[in-house]
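User: I am new to this structure and would like to understand the reasoning behind the words used for it. Please take me through the labels one by one and set each against its cut-off.

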Amino acid sequence: MDEFKNRIENKQEEYIQFLKKLIGFDTSVIRHGEDGQEYEAQQWMARYLEGLGCEVEMFEPDNERMKSYPGYNAGHSYHKRPNVSARYRGSGGGKSLILNGHMDTMPAGDLKRWKYDPWEMTEEDGKLYGLGTDDMKGGLSAAVLALELVLSMGYQPKGDIIILSVVDEEGGGNGSLACVDRGITADGVIIAEGTNMEVFPVNRGAWLGEVEVDGKPIHASLKGFGESAIDKMVKIMNTLYELEAKWMATKRHPLLAPITFNMGYIHGGVAASTVPDHCMMKFEIDYYPSEIDKFGNWKKVDKHTVVREVEDYVYNMAKGDPWMREHMPRFTWFQDCSPFETQTEHPLVQKLADAAGEVTGRRVITGMSAGCDARHFTNIAGIPTVVFGPGSCHNAHVYNEYLPKKQFFQAIETYAKMIVEWTR
């Protein structure tokens, strides 16, 4: 299959211009996905895929249809935010493959902190700078261009190839959930998120939560007669860090990094001169899909048990505080990003690892720390799924986001090889 490499060498500028065009669309989400601006980019993508001979459908996610699914995120508008589903029909008899990527990006933030215009892809020292190059227009483009490459070389797959360009992944994944609800299925799914060209058949899950605690306000000069809600929240925070340390010592998964908690936002009080009467904190709790416990037993993890364990740990601490015992902290869990897991011996995992090894010289199967859309395809649709793509989580959600140019071309080649191997 060195023909792939040779063809990519000859088409490098064309492929770079494809990604540059996609970066030029501002598809950043608004208020963490409550709204977005993917429409024009999705129209352009649909036209390109139609030009490859795909049967293309554009549809807006339906909140009413999705609301009963686990992992659904409520309160998001999908007016003029369509998914693009493109199916290239195989000749019959081969396995089908979904290549999935999201069109939305995080907001650019403070433009003064960008080295280059976020929407004008700029190459420097082998790096492609721009908003979405790493997360994940690079992977989405590589998937689409792999199909273009395979077809341009006259290969006719036996199985169907489905390209899914979805919206609102950054807001929780309702775009891919809508595809699953619509019945779009295949024999395997590759999520084109950045994995540093390593194969991820598993990721950690995450619960996003909020905890509130009340205090007793009084003038700061009389602090001893009041109860500081901020001080109580510090105790809650330290208790969560204590639980984090306990989990890191007693829970493990052979492909995944240790579990971590993140305290991401805290707000409390009204003035420096007043003992605060209320404090609120938002946080993230990571967990495994399955784990080896402290006794060496392998078990599947129930996400609701994770919530109960966190709450109980904090409540037990609060019962020892005279004020909190009568004014218990209140938890709200507002986003569920469940983990996924495909067994490493599955042919989808092994064939993709073989293809990646041939292209990059590195055959690595490991796990993903962050959440992604893979969970919808495995947990709801029951489809074997892996995450694999150019770039890295270290370059996502940052200023001066970039994608290694070499990995962009390697991803095109790897996806093309996988299309041929999987759809025989």
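User: Why is Met197 called buried?

Analyst: In this predicted model, Met197 has a relative accessibility of 2%, and the word buried applies under 20%, so Met197 counts as buried. Its place is the loop between β7 (189–191) and β8 (202–203).

User: What makes the phi of Met197 worth a remark?

Analyst: The angle is near 65°, which is a positive value in a residue other than glycine. Asn400 is a further case, with a positive phi of about 60° although Asn400 is not a glycine.

User: Is Asn400 buried, exposed or partly exposed, and how do you know that?

Analyst: The relative accessible area of Asn400 is 24%; since partly exposed covers the range between 20% and 50%, Asn400 is partly exposed. Asn400 lies in the loop between β16 and β17.

User: Which label does Val398 get, and why?

Analyst: Val398 is found in the loop between β16 (385–387) and β17 (402–404). Its relative accessible area is 31%, and a value between 20% and 50% is called partly exposed, so that is the label for Val398. The C-alpha atoms of Val398 and His219 are separated by 42 Å, with their positions 179 residues apart along the chain.

User: Why is Tyr265 called partly exposed?

Analyst: Tyr265, which lies in strand β10 (residues 261–268), has a relative accessible area of 42%; exposed would require over 50% and buried under 20%, so Tyr265 is partly exposed.

User: What does Tyr265 touch, and how do you know that it counts as touching?

Analyst: Leaving out residues up to four places away in sequence, Tyr265 touches Met280, Met281 and Lys282, where contact means heavy atoms within 4.5 Å. Between the C-alpha atoms of Tyr265 and Ile30, 235 residues apart along the chain, the separation is 18 Å.

User: What makes a group of residues a nonpolar core, and what does the largest one contain?

Analyst: The members must be buried nonpolar residues joined through side-chain atoms within 4.5 Å. The largest such core has 59 residues, and those with the most contacts inside it are Leu49, Leu99, Ile190, Phe408, Ile412 and Tyr415. Helix α5 (residues 133–152) gives the most to this core, with 11 residues. Apart from this core lies another, of 31 residues, among them Val213, Ile236, Ile259 and Val314. As a general tendency, nonpolar side chains in soluble globular proteins are buried together.

User: Which residues are in contact with Tyr415?

Analyst: Not counting neighbours within four places in sequence, the contacts of Tyr415 include Leu99, Ile190, Phe388 and Pro390, and also Ala142, Ala143 and Ala146.

User: Where is there a cis peptide bond?

Analyst: The cis bond joins Asp135 and Met136, with omega about -15°. Met136 has its place in helix α5.

User: How do you know that the radius of gyration agrees with a compact globule?

Analyst: For 424 residues, a compact globule would have a radius of gyration near 22 Å, and because the chain has 23 Å, the two agree. Along its principal axes, the C-alpha trace spans about 80 × 50 × 45 Å.

User: How much of the chain is buried, and how many helices and strands are there?

Analyst: Buried residues make up 54% of the 424 residues, and the chain has 12 helices and 17 strands. Of the contacts between residues at least 6 apart in sequence, 81% join residues at least 24 apart.

Methods:
Residues are numbered from 1 along each chain as its sequence is written. This is a predicted model: local features need pLDDT of at least 70, side-chain atom pairs count only at pLDDT 80 or more; totals for chains, interfaces and linings use all residues. Side-chain values use heavy atoms; hydrogens and water are left out. Helices (H or I, at least four residues) and strands (E, at least two) are DSSP runs, numbered from the N terminus. The radius of gyration is taken over C-alpha atoms; the globule rule is 2.2 Å times the number of residues to the power 0.38. Buried means under 20% relative accessible area, exposed over 50%, partly exposed in between (1.4 Å probe, protein chains only).
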